[in-house]
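Open the model in your viewer and keep the selection panel handy. We will go from the whole chain to single residues, one stop at a time.

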Amino acid sequence: MKMWKQCGRWLLLCSSLVVPVGAGQIVDRMVANVNGHVLLQSDWEEELAYEAFVNGRSPDSFTPEERKAALDRLIDQELLREQVRPSESTSADEIGARVKEVRKLHPEAATDDGWRAALQRCGLTQADLEQRLGESIQLMRLVEARLRPSIQIDQKAVESYYHEQLLPELKKAGSREVALPEVFGHIRDLLAEQRLNQLLHGWLASLRSASRIQTLQSGGGDQTP
């Protein structure tokens, strides 16, 4: 159901591959400094290439605001990596499952040649993609392990969402009404996901306030590549 997709997964928190800018080469420069760790122009372009590919988009389609948001996510990733370190690698099966999901977003990937061409257009290889997806899964797992135990969704919260949001939305869409037991688990998971995103947002805000972060914009330069 459409409403179950409203809680955007924070997969793009965890993303690092190079895409050419126009016809020229990227000239590396610092775009941010996070607690002494330098993020380069190429890191930013790699992030944009990865995010574009796993969302079935072209890097050239990103607006200036979306490019800025990608840099913010890159900074957030660095802050999280300072807090949580992976203790084990991601399994090949997990990575393979994510690769299949991404591949479905690219119609030309029905053939292996088409898949390789799609990767190449974003400056990626199969190995690059698998490495980035593995890192993404690792970081998500570690964040969940830290935050999810504190999340408790009670029956009252589920019932409130059902009566105040789900039923009105179904009525507005002209869809049939569903009984609460049919969707109880879906609503509970949705609310838990929303709460997880809230906790993550708060944690990142706290990490930012306690960190030394400098970007070209805050240092007087132009932050948009």
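Colour by secondary structure to begin: the protein has 7 helices and 3 strands, where helices (H or I, at least four residues) and strands (E, at least two) are DSSP runs numbered from the N terminus. Following the sequence, you will meet them in the pattern β-β-α-α-α-α-α-α-α-β. This is a predicted model, in which local features need pLDDT of at least 70 and side-chain atom pairs count only at pLDDT 80 or more, while totals for chains, interfaces and linings use all residues. Residues are numbered from 1 along each chain as its sequence is written, and side-chain values use heavy atoms, with hydrogens and water left out.

Now switch on the surface. The protein exposes about 12600 Å², and carbon and sulfur atoms supply 50% of it; areas come from the Shrake-Rupley method with a 1.4 Å probe, and for residues only the protein chains shown count as cover. Of the 225 residues, 40% are buried, meaning under 20% relative accessible area, with exposed over 50% and partly exposed in between.

Next, select the three strands. In what order do they lie in the sheet? The order is β2-β1-β3, in an open sheet with antiparallel pairing; two strands pair if DSSP finds at least two bridges between them. β2 and β3 (213-215) are the edge strands, each pairing on one side only. On average, neighbouring strands are turned by 15° against each other, direction ignored.

Zoom in on β1 and β2, which run antiparallel and are joined by 4 bridges. Here Met30 stands opposite Leu40 in β2.

Add helix α1 (residues 41-54), which packs on the sheet and touches β1 and β2, a contact being heavy atoms within 4.5 Å. The direction of α1 makes about 60° with that of β2; axes are lines fitted to C-alpha atoms, for helices over the stretch in contact, and angles run from 0 to 180 degrees between N-to-C directions. Then add α2, which also packs on the sheet, touching β1, β2 and β3. The direction of α2 makes about 30° with that of β1.

Within helix α2 (residues 64-83), pick Arg73. Arg73 counts as partly exposed because its relative accessibility is 23%. Draw a distance from its C-alpha to that of Glu47: the two atoms are separated by 8.9 Å, although the residues are 26 apart along the chain.

For the last stop, select Asn35, in the loop between β1 (30-34) and β2 (37-40). Its phi is near 50°, a positive value in a residue other than glycine. Asn35 is at 23% relative accessibility, so it counts as partly exposed.

Notes:
Buried means under 20% relative accessible area, exposed over 50%, partly exposed in between (1.4 Å probe, protein chains only).
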